[in-house]
Amino acid sequence: MSDVSFARDEVRRARYAVAAVFAVHGAVTGTFATRVPWIQDHASLGAGQLGFALAFTAFGASCAMPLAGRISHRFGSRTALRGLLALWTLSLVLPSLAPNLYTLFLAMFAYGASAGMADVAMNALGVEIERLLGKSIMSGLHGMWSAGALIGSAAGTLAAHLGSDARLHFSLAAAVLTVLGLVACTWALDLQPAEDEEPPPRFALPPRSALLIGTVGFCAVFAEGASLDWSAVFLRDRLASSAGVAAACTTGFMLTMAVARIAGDAVVNRFGAVRTVRAGGVLAVLGGLLIVFAGCPAVAMGGFALMGLGIAVVVPLCFAAAGHAGPHPSQAIAGVATITYTSGLIAPSLIGGVAQATSLVVSFCVVTALACGLAAFAGVLRSAERGGRTEVSRPAAAVPDPRP
């Protein structure tokens with residue numbers, strides 16, 4: 001990006017604007033997750049078919065994410081973010097319109113592609129603002145994503161409890177979220193590439209330095225995707241919960257994710273990324289064991305809450321490390337995001353496939369085993385943590401911050 005100085009107040013407004021964008025993005029995900037059982041019934045799908053269809057979300061995202069850097073280079077960060085976010089919010093309607101498995105494949109691919117491009121654009125802009133401010137903000141931004149997902153899932157819980165048609169529910173939610181997203185983007189920073197800056201490639205393989213960081217993110221996103229997409233189904237099918245209680249489980253999962261991410265910057269600054277991720281891995285494993293051995297809905301809901309608490313800050317730390325790794329944050333983030341979204345590609349289909357062959361309990365044994373990887377591989381963030389601190393201590397533009 002070109003070396004442009006921004007006023008302190010302008011950068012702070014941009015921080016709040018991007019935080020609102022993160023919340024809107026999360027609200028779309030939370031809205032969708034609580035109505036997965038409705039979509040399954042509407043399209044007459046089994047567990048394995050549903051898992052295969054959900055895999056197209058991450059498949060679409062992985063294919064489209066590398067394009068986000070190219071779009072931002074062509075149109076500037078603000079215009080690109082505005083267009084990609086609107087595309088994402090409007091795509092919420094598509095899964096509810098699919099009457100069968102094959103149309104759901106197409107709907108989930110488009111839904112995932114728009115999600116991935118908007119995800120890369122907003123994370124890249126968040127990293128640039130973090131550099132300008134000279135302090136960590138990425139966990140808090142992802143906390144706003146979780147807060148938005150919580151609001152979306154809470155509204156979805158109410159809609160499920162009332163037995164509303166998801167087509168109407170998603171249409172109303174998409175309209176509201178599109179307007180909110182367009183308004184928030186008004187105050188985003190308009191970063192433009194330098195005149196001699198080469199555009200990023202349309203498609204790029206993850207750099208070697210991102211592979212180890214991506215391994216940690218892979219474990220976290222697998223647990224997150226499994227919990228987000230299958231928690232409501234688990235409570236309904238395994239523990240005979242009502243639709244409202246099953247949807248409330250997803251809301252509880254999002255609640256712990258939001259709280260942990262909002263507090264995450266302070267925790268990471270105090271204890272460091274490695275210790276934070278290792279402790280989170282232990283909590284995620286404990287949550288997985290509660291889910292596996294749950295005999296009633298309350299215990300399973302507590303397990304999903306612990307799972308959310310344990311994995312909450314992992315992805316923000318991976319994205320922040322990737323964004324500080326080179327001169328093209330969107331390209332680096334797209335590389336790590338491709339690895340983590342591959343986990344999202346595998347998780348739904350694997351959970352559904354294992355459930356079809358055995359049971360959902362066995363599926364969440366797989367989730368619990370992968371959660372152990374957070375504690376085992378957390379050490380790879382040590383060098384990334386040092387690199388991120390060094391990068392942040394040298395902001396791209398002089399924007400003094402009097403606060404400690």
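**Group meeting talk: a walk through an all-helix model**

Okay, let's start with helix H12, residues 264-271, where the buried residues are Gly264, Asp265 and Val268. Those residues span an arc of only 100 degrees around the axis, so they sit on the same side of H12. Turn to the other side of H12 and you find Ala266 and Arg270, which are exposed. For anyone who hasn't looked at helices lately, an α-helix has 3.6 residues a turn, so residues three or four places apart point the same way. Right after H12 comes Gly272, with a positive phi, near 90 degrees.

Before I go on, please keep in mind that this is a predicted model.

Now let me step back to the whole chain. What is it built from, in helices and strands? There are 18 helices and zero strands. The chain has 404 residues, and 59% of them are buried. As for contacts with a separation of 6 or more, 87% of them are between residues 24 or more positions apart.

So what's in the middle? The largest nonpolar core has 127 residues. Which residues have the most contacts inside that core? Those are Phe32, Ile129, Phe234, Phe364 and Leu374. And the helix that gives the largest share of this core is H7, with 18 residues.

Let me pick out Phe364 from that group. If you leave aside its neighbours within four places in sequence, Phe364 is in contact with Ala226, Ser227, Trp230, Phe234, Ile291, Val292 and Phe304. You may recognise Phe234 there, since Phe234 was also among the core residues with the most contacts.

Next up, a helix that is a nice contrast to H12. How many residues of helix H15, residues 314-323, are buried? Ten of the ten are buried, so H15 is largely enclosed by the rest of the structure. If you want to click through them, the buried residues run Val314, Val315, Pro316, Leu317, Cys318, Phe319, Ala320, Ala321, Ala322 and Gly323.

Okay, on to a helix pair. I'd like you to look at H3, residues 47-64, and H7, residues 101-133. Their axes come within 6 Å, and they cross at roughly 35 degrees. The crossing of H3 past H7 is right-handed. Which residues meet there? From H3 the list includes Phe52, Ala53, Phe56, Phe59 and Gly60, and from H7 it includes Leu104, Phe105, Met108, Gly112 and Gly116. Sorted by type, the residues of this H3 and H7 contact come out as 16 nonpolar, five polar and no charged.

Let's zoom in on one residue on each of these two helices. On H7 I'd choose Leu104. Is Leu104 buried or exposed? Leu104 has 1% relative accessibility, and the cut-off for buried is under 20%, so Leu104 counts as buried. Not counting residues up to four places away in sequence, Leu104 touches Ile39, Leu45, Ala53, Pro95 and Ala98. There is also Leu94, ten residues from Leu104 along the chain, with a C-alpha to C-alpha separation of 8.2 Å.

On H3, take Gly51. Gly51 is buried as well, with a relative accessible area of 0%. How many residues apart in sequence are Gly51 and Ala226? They are 175 residues apart, yet their C-alpha atoms are 9.9 Å apart in space. And Ala226, you'll remember, is one of the residues in contact with Phe364.

One more residue of that sort is Leu67, in helix H4, residues 66-75. Leu67 is partly exposed, with a relative accessible area of 27%. Leu67 and Val120 are 53 residues apart along the chain, and their C-alpha atoms are separated by 9.3 Å.

Last topic: two loop residues with an unusual backbone angle. Most residues other than glycine have a negative phi. Ser44, though, has a positive phi, near 55 degrees. Ser44 is in the loop between helix H2 and H3, and at 61% relative accessibility it counts as exposed. Ala240 also has a positive phi near 55 degrees. Where is Ala240 found? Look in the loop between helix H10 and helix H11. At 68% relative accessibility, Ala240 counts as exposed.

That's my tour. Happy to rotate the model to whichever part you'd like to see again.

Note on methods: Residues are numbered from 1 along each chain as its sequence is written. This is a predicted model: local features need pLDDT of at least 70, side-chain atom pairs count only at pLDDT 80 or more; totals for chains, interfaces and linings use all residues. Side-chain values use heavy atoms; hydrogens and water are left out. Axes are lines fitted to C-alpha atoms, for helices over the stretch in contact, and angles run from 0 to 180 degrees between N-to-C directions. Helices (H or I, at least four residues) and strands (E, at least two) are DSSP runs, numbered from the N terminus. A crossing is left-handed if the near helix is turned anticlockwise from the far one by less than a right angle, and right-handed if clockwise. Contact means heavy atoms within 4.5 Å. Ala, Val, Leu, Ile, Met, Phe, Trp, Tyr, Cys and Pro count as nonpolar, Asp, Glu, Lys and Arg as charged, and the others, Gly among them, as polar. Buried means under 20% relative accessible area, exposed over 50%, partly exposed in between (1.4 Å probe, protein chains only). The arc is that of the directions from the helix axis to the C-beta atoms. A nonpolar core is a set of buried Ala, Val, Leu, Ile, Met, Phe, Trp, Tyr and Cys residues joined through side-chain atoms within 4.5 Å.
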